[in-house]
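Please open the model in your viewer and keep the selection panel at hand. The tour moves from one selection to the next and says what is found at each stop.

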Amino acid sequence: MKKYIPLFLLVFLASATITLAQTDNISPARKQAIDSLALEKVKDLSKYISIIGSKETQFSEANRVMDRAEELFAPDAEMGVSSINRKEIAYYKVRRYFERLMALNYDRVNITWYDIHYISDLERQPDGRYVGVITVYQRFEGTSLESGLNYRDTTKKDITIYVEKKQTQIAGRTIEFWDVMLGDIRVTETSA
């Protein structure tokens, strides 16, 4: 009988975990709110990238915006960089991507994102998080006045979205909420 106790405990814990996992399902109304929050965070990132990349932005302001932009991401997220002049796609940690963007050797840089939309619905993962993908198109324009160098490209990027339940303390009470974090940004296509 004693040898069955650990097996019984394992089955009990597994069923309790499944029951808890089922209570974390997202209602349609909550899902709509989460989708809106995810799209809003992607739009915020678009604004931050535009500010960081602009040569008119002061160094201190660019650093402040980089800090804010980093808060949008899950730890260890990477961002892809491509060019119409090479086939390889390079991936950088988020902060390094922003630093490279700020240091681009152009007199003028204009970056715009458009056609932002979900391409995959949120799917529940075994760890309880939900994962989805948002696609954006990025138009990059860099101009060097001295050399007359102009570079333009359009890049399609897929942004992984993570949604997980978190907790915070407010007035001594524990409040649960769903939070959205941006994950890796993968380049899927680059054209002139």
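**The pocket and a helix pair**

In this predicted model, begin by selecting strand 1 (78–83), helix 4 (94–102), strand 4 (130–144) and strand 5 (149–170), each of which supplies at least two residues of the lining of the largest pocket. The pocket that they help to line has a volume of about 390 Å³. Narrow the selection next to Val81, Ser82, Leu104, Phe140 and Tyr151, which are the closest to the pocket's centre of the 18 residues that line it. Coloured by residue class, the lining of the largest pocket divides into 8 nonpolar, 6 polar and 4 charged residues.

Keep helix 4 selected and add helix 2 (residues 28–53), whose axis comes within 8 Å of that of helix 4 and crosses it at roughly 45°; the two helices are therefore oblique to each other. To see the contact itself, show Leu45, Ile49, Ile52 and Gly53 of helix 2 together with Tyr97, Phe98, Leu101 and Met102 of helix 4. The residues of this contact divide into 7 nonpolar and 1 polar, with no charged residue.

Finally, colour the protein by pLDDT, which averages 88, with 88% of the residues scoring at least 70. Then select residues 4–23, where the pLDDT is below 50 and where the stretch has 1 contact in the model beyond near neighbours in sequence.

Terms used: Residues numbered from 1 in each chain as written. Predicted model: local features only at pLDDT ≥ 70, side-chain atom pairs only at ≥ 80, totals over all residues. Heavy atoms only, no water. pLDDT = per-residue confidence, 0-100. Contact = heavy atoms within 4.5 Å. 1 Å grid on protein atoms, 1.4 Å probe; cavity = no way out; pocket = protein on both sides within 12 Å on 5 of 7 lines; lining within 4 Å. Points joined across faces, edges and corners; volume = space filled by probe spheres on them. Helix = DSSP H or I, 4+ residues; strand = E, 2+ residues; numbered from the N terminus. Nonpolar A, V, L, I, M, F, W, Y, C, P; charged D, E, K, R; others polar. Axes fitted to C-alpha atoms, helices over the stretch in contact; angles between N-to-C directions. Parallel < 35°, antiparallel > 145°, perpendicular 65-115°, else oblique.
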